[in-house]
Amino acid sequence: MNDIIVNALGNASRLLHSFMADEANIAEIEKIARQLAEVYERRGKLIVFGNGGSMCDAMHFAEE
């Protein structure tokens, strides 16, 4: 069981590092963050939704 956990975490770590190494990914996240900030500054509204596990992600995002 320990090997399964270590392998899963290692895979997740490699994937995250690969994602972070691509500057286009970071730029896109920054772009989205700026757009969200603009919406809130204008007292706008952001609607998030999902079904099942995605619903839980949407609820968590809304709470943050």
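**Group meeting: R43 and the overall form of a predicted model**

Let me begin with R43, which is found in the loop between helix 2 (23-41) and helix 3 (53-63), where helices are DSSP runs of H or I with at least four residues, numbered from the N terminus. This is a predicted model, in which local features need pLDDT of at least 70, side-chain atom pairs count only at pLDDT 80 or more, and totals for chains, interfaces and linings use all residues. Residues are numbered from 1 along each chain as its sequence is written, and side-chain values use heavy atoms, with hydrogens and water left out.

R43 is not a glycine, and yet its phi is positive, at about 60°. Most residues other than glycine have a negative phi. As for its surroundings, R43 has 79% relative accessibility and therefore counts as exposed, the cut-offs being over 50% for exposed, under 20% for buried and partly exposed in between, with a 1.4 Å probe and protein chains only.

Turning to the whole protein, we have 3 helices and 0 strands, in the order α-α-α along the sequence. The radius of gyration is 16 Å, whereas a compact globule of 64 residues would have one near 11 Å; the value is taken over C-alpha atoms, and the globule rule is 2.2 Å times the number of residues to the power 0.38. Along the principal axes, the C-alpha atoms fill a box of roughly 50 × 30 × 15 Å.

How much of the protein counts as buried? Of its 64 residues, the figure is 3%.

How values were computed. Helices (H or I, at least four residues) and strands (E, at least two) are DSSP runs, numbered from the N terminus.
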